[in-house]
Every structure is written in structure tokens, then in C-alpha cells.
Amino acid sequence: MILLIGAEKGGTGKTTLTTNLAAELANQNKDILLVDTDTQGSASKWAAMRDSIEDDQGDFTRVASVQKFGSEIRKDLLDLSHRYEHILVDAGGRDSVELRSALSVCDKIYIPLQAAQFDIWTLSVMDKLVSEAQIFNQKLHARVVINRASTNPKVSETQSALELEEELQSLEFSQVVIRERSAFRKAAKRGLSVCELTSKDLDPKAAQEITALYQEIFGDDE
Ligand SMILES: Nc1ncnc2c1ncn2[C@@H]1O[C@H](COP(=O)(O)OP(=O)(O)OP(=O)(O)O)[C@@H](O)[C@H]1O
Ligand SMILES: [Mg+2]
């Protein structure tokens, strides 16, 4: 499967979700490649950090990664999809040539959306991009996943999201909501996923959220 994590808005959690899912796939012994299409290279840095973890800190499965830029990504992804079981593409935070190019070949796109920045305008840009891509890439399945949602149960972003869904043509909402949890930042700094944190750093709720997202995306492939 080629999974694209993309959004035209920056800082919504693309790299966070890509790296967490990549680590989980690697831990399930899946043959995966992380493709970083963002010139900031955060996902590649995460993978490099993961490589450099000393053995005495734990035994973490390596995540292979490459950086790819420009419109050739479409061809590169098609070639790579014959060599890897799963390809995870981390797109940059804007309407880039990489985002459009990857949209034309991927099987799924997950679009992280920050609950606090919820706005129909942002989503309608992605809705249009996905609708256009689906003309040529009919298998493309697109979901929005709310990230950094408040942990306060009184704040109900999920409900407002569901109300927006009716106005969208090609996007549906993920069943999973990822909440604002410091474990995501702790894991990112160390080249890990939240499911790999231990002792005082472990946050079982963050781990549950990533496991649920993993199941929703890859569950049918097991
Ligand atoms: N669920 C979360 N809980 C806490 N912090 C989070 C969560 N998701 C993301 N963050 C933090 O928010 C910041 C932005 O996340 P991230 O880098 O994944 O976004 P991005 O969409 O890849 O950004 P860019 O558009 O710059 O590539 C990071 O500091 C990250 O650690
Ligand atoms: Mg990023």
C-alpha cells in the first residue's frame, strides 16, 4: 500500500503520524519504506536518529527512509511499490508538486487536521485536490484524522468534525481521534513511536490511539 500523509496546512502532525505508523509497521515485520518529500527532512532525521540508538537503550527495528523531491515522485513511488510492501509518504505542509504527484498514485491519504484550527476552508482545499486526483486515481481513499484534540472531555471536536463531513465531497473522517499528549514529542525526539516508550515516558492512551489508527489503515492487510 502507498499511504500518503499530507495536508496543505503546515504543522498539523504529518511527520508525527508518519513516523509513528512507520515504526509500528516495522515492529510488525512489514517491509516498509518511509519517503520524505519535505525539504525540512524531519522524517528522515527521525529515521537517522532511530538508526543511531545504541543497543544498550533497546532493540528497535530499523525504518528505511529516502528523500524525494519534485514531480518525479509519481514514477519513483510506482517503482518503489514493487519493492516494498508498504510505502509511507510524508508530504510537506503546503499544496506542493510532491503532494499532487503523490496523490496521483497513492492508495490512501490521511490528512491530519488540528482540532483547534478546524475550518471548512482548509478542508475544502484538500477536498478539491482529492476530488481532482480521484478522476485519474480511482482507488484513492481519503480520510481526515483529527490530531492534537483536547484531552478535556468537555471539548467535543469530534462532533463538530462530523457536522463538517456532510459538506465534503471526497473526504471522510477517521474513526480515530489523536489527542494532544506530550508522549508524541518525547517519542519524536528519540526516533521512536509512542508505543515504544517505556517506564515514566509511556503514555498508554497515546499508544492506544496510534494502535487504533494503525488498525484502521492496515488492519485489512493483516
Ligand atoms: N498529538 C500530538 N500531541 C502533542 N504534540 C504533537 C501531536 N502531534 C504533533 N505534535 C507536535 O506538533 C508539532 C508539529 O507536528 P509535526 O512536525 O508532526 O507536523 P507536520 O505537519 O509534519 O509539520 P510540517 O508542516 O512543518 O511538516 C511537533 O512539535 C510535534 O511534536
Ligand atoms: Mg513534517
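## Surroundings of ligand 1

In this predicted model, ligand 1 is surrounded by 20 residues, and the closest of them are G10, K14, T15, T16 and G93. Three elements give two or more residues each to this shell: helix α1 (14-27), strand β6 (141-149) and helix α7 (182-190).

By residue class, the shell around ligand 1 holds eleven polar residues, six charged residues and three nonpolar ones.

## Overall form of the chain

The chain contains eight helices and seven strands. Its radius of gyration is 17 Å, close to the 17 Å that the globule rule gives for 222 residues, so the chain is as compact as a globular protein of that length. Measured out along its principal axes, the C-alpha trace spans about 50 × 45 × 35 Å.

Of the 222 residues in the chain, 41% are buried. Contacts between residues at least 6 apart in sequence were also examined, and 77% of these join residues at least 24 apart.

## The nonpolar core

In soluble globular proteins, nonpolar side chains tend to be buried together. In this chain, the largest nonpolar core has 62 residues. The members that touch the most other members are L4, L88, V89, A102, L103, C106 and I111.

I111 offers a detailed view of this packing. Leaving aside residues up to four places away in sequence, I111 touches G6, A7, M126, A142, V144, V145 and L171.

## Strand β1 and its partners

Strand β1 covers residues 2-5. I2 and L4 point one way from β1, while L3 and I5 point the other way, and all are buried.

Strand β1 runs parallel to β4, to which it is joined by four bridges. In this pairing, L3 stands opposite L88 of β4. Strand β1 also pairs in the parallel sense with strand β5 (residues 108-114), over three bridges. Here the bridge partner of L3 is K108 in β5.

## Strand β2 and its partners

How many of the five residues of strand β2 are buried? Five of the five residues of β2 (residues 32-36) are buried, so the strand is largely enclosed by the rest of the structure. I32, L34 and D36 point one way from β2, and L33 and V35 point the other way. The buried residues of β2 thus include D36 as well as I32, L33, L34 and V35.

Strand β2 is joined to strand β4 (residues 86-90) by five bridges, and the two run parallel. Within this pairing, V35 has V89 of β4 as its bridge partner. Strand β2 also pairs in the parallel sense with strand β3 (residues 64-67), over four bridges. In that pairing, L34 stands opposite S65 of β3.

## Two residues outside the strands

S124 belongs to helix α5. S124 counts as partly exposed because it has 15 C-beta neighbours inside 10 Å, a count that lies between the limit of 12 or fewer for exposed residues and that of 20 or more for buried ones. S124 and L164 are 40 residues apart in sequence, and their C-alpha atoms are 10.0 Å apart in space.

Q138 is found in the loop between α5 (120-136) and β6. Is Q138 buried or exposed? With 7 C-beta neighbours inside 10 Å, Q138 counts as exposed. From C-alpha to C-alpha, Q138 lies 9.3 Å from S104, although the two are 34 residues apart in sequence.

Note on methods. Residues are numbered from 1 along each chain as its sequence is written. Chains are lettered from A and ligands numbered from 1 in the order in which they are written. This is a predicted model: local features need pLDDT of at least 70, side-chain atom pairs count only at pLDDT 80 or more; totals for chains, interfaces and linings use all residues. A residue is near a molecule or strand if its C-beta atom, placed from the backbone, lies within 6 Å of it. Ala, Val, Leu, Ile, Met, Phe, Trp, Tyr, Cys and Pro count as nonpolar, Asp, Glu, Lys and Arg as charged, and the others, Gly among them, as polar. The radius of gyration is taken over C-alpha atoms; the globule rule is 2.2 Å times the number of residues to the power 0.38. Two residues are in contact if their C-beta atoms, placed from the backbone, lie within 7 Å. A nonpolar core is a set of buried Ala, Val, Leu, Ile, Met, Phe, Trp, Tyr and Cys residues joined through C-beta atoms within 7 Å. Two strands pair if DSSP finds at least two bridges between them.
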